[in-house]
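Here are some exercises to work through with the structure in view. Try each task before reading its solution.

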Amino acid sequence: MFKLPGTPSSRASAHELADYAEWVCWRDNGTSKTALLQDLGRLDENEYSGGVLEEEETPKFLEEAFVEIEGRRIACRDGYPFALGVTGNTLLMEGKGEGHKHIIYKYMLLATRLNMTRNRRHADLDGTLLFEELAAEAAKSYFGARTEKMIFGTSVQGSSFPAKINALCIRLQEGDGFVNRDEIQPDEQDGGLDVVVWKPFADKMPGKLIAFGQCKTGTHYRHTLTYLQPDSFCGNWLSTPPTVPPVRMFFVTEALPRYNWNRTARKAGLLFDRCRIVDYLDDVSEETLAKVAAWTTTAASILFDA
């Protein structure tokens with residue numbers, strides 16, 4: 001998996017190349033198949049005439065990347081910040097790329113292709129923690145009217161793990177508080193829980209739709225797809241498990257390829273990739289959007305100057 005400011009290898013997948021094409025389009029305010037091949041060092045002088053590839057000469061790997069791009073445009077609904085040209089050989093910015101969904105998409109593109117171990121902080125903001133805020137907003141929107149949310153992960157500062165469990169139980173009106181059945185020392189990462197959403201009833205009785213979610217930036221998360229297990233989490237840390245077992249969710253900044261979607265979703269649960277998150281972020285708080293925009297602008301400017 002390539003990381004910016006690098007370029008994809010000769011064995012890069014279509015969805016990696018699509019990410020790279022989006023980045024180049026953003027950086028240069030537009031690109032083309034010919035320009036991408038030149039940028040990647042894969043264009044022979046004999047393969048084009050007048051700087052423009054003939055359609056039948058376009059390499060298969062690049063055609064597959066542009067098919068992936070078209071799939072993303074559809075999956076993002078009204079939030080994809082790029083547009084294919086009339087002939088399908090160019091990629092352009094959609095408008096000025098400044099709509100709130102466009103900003104969020106570009107944030108997730110960088111949060112996928114930057115090394116988020118070394119480059120997670122920009123504009124004095126932690127990019128991984130911003131993703132938890134966006135994930136919670138997307139899940140709340142997806143589950144619909146009257147859904148409530150709580151960010152449980154590391155973005156909730158100043159609270160111990162037991163205090164977070166107690167706060168969650170109070171808000172859920174289920175669980176009866178923290179318990180440590182095995183008498184082990186929990187830590188902030190125990191169980192992999194980052195966000196929680198639920199749909200309450202006016203009767204305040206137990207037995208409601210609850211969903212537990214885990215959030216991952218970057219590309220190295222495959223080994224964590226099954227890490228969050230709501231039944232085990234509740235059994236380990238809640239005095240009384242919820243009446244209806246919580247649903248499992250997994251959020252990634254990557255735009256996942258279609259070819260292994262089912263395999264990934266079987267492991268991850270209800271899967272939200274970059275495009276699904278954009279699809280459901282019709283509304284986002286001004287505070288969250290301002291932070292996402294600041295992080296993205298700063299991170300991009302460093303890459304532009306690289």
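**Exercise 1.** Find how strand β11 is joined to β12, and in which direction the two run.

*Solution.* Start with β11 (residues 247–252): three bridges join this strand to β12, and the two run parallel. Strands here are DSSP runs of E with at least two residues, helices are runs of H or I with at least four, and both are numbered from the N terminus. Two strands pair if DSSP finds at least two bridges between them. Next, look across from methionine 249: leucine 270 in β12 stands opposite.

Before going on, note that this is a predicted model, in which local features need pLDDT of at least 70 and side-chain atom pairs count only at pLDDT 80 or more, while totals for chains, interfaces and linings use all residues. Residues are numbered from 1 along each chain as its sequence is written, and side-chain values use heavy atoms, leaving out hydrogens and water.

**Exercise 2.** Place β11 and β12 in their open sheet, and work out which strands stand at the edges.

*Solution.* First, read the order of the five strands: β8-β9-β10-β11-β12, with mixed pairing. Then check the ends: β8 (148–151) and β12 (270–272) each have a single partner strand, so one side of each is left without a neighbour in the sheet. From one strand to the next, the twist averages 20°.

**Exercise 3.** Which strands do helices α5 and α6 touch or lie across?

*Solution.* Take α5: this helix packs on the sheet and touches β8, β9 (195–199), β10 (209–216), β11 and β12, where contact means heavy atoms within 4.5 Å. The direction of α5 makes about 15° with that of β9; axes are lines fitted to C-alpha atoms, for helices over the stretch in contact, and angles run from 0 to 180 degrees between N-to-C directions. Now turn to α6 (residues 161–172), which lies across β8, β9 and β10 and runs at about 180° to β8.

**Exercise 4.** Describe how α5 meets α10.

*Solution.* Begin with the axes: those of α5 (residues 127–143) and α10 (residues 286–304) come within 10 Å and cross at roughly 145°. Then list the residues: Gly127, Leu130, Glu133 and Leu134 in α5 meet Thr288, Lys291, Val292 and Trp295 in α10.

**Exercise 5.** Find the contacts of methionine 249.

*Solution.* Leaving aside residues up to four places away in sequence, methionine 249 touches several residues, among them Ala139, Phe143, Val195, Leu228 and Phe272.
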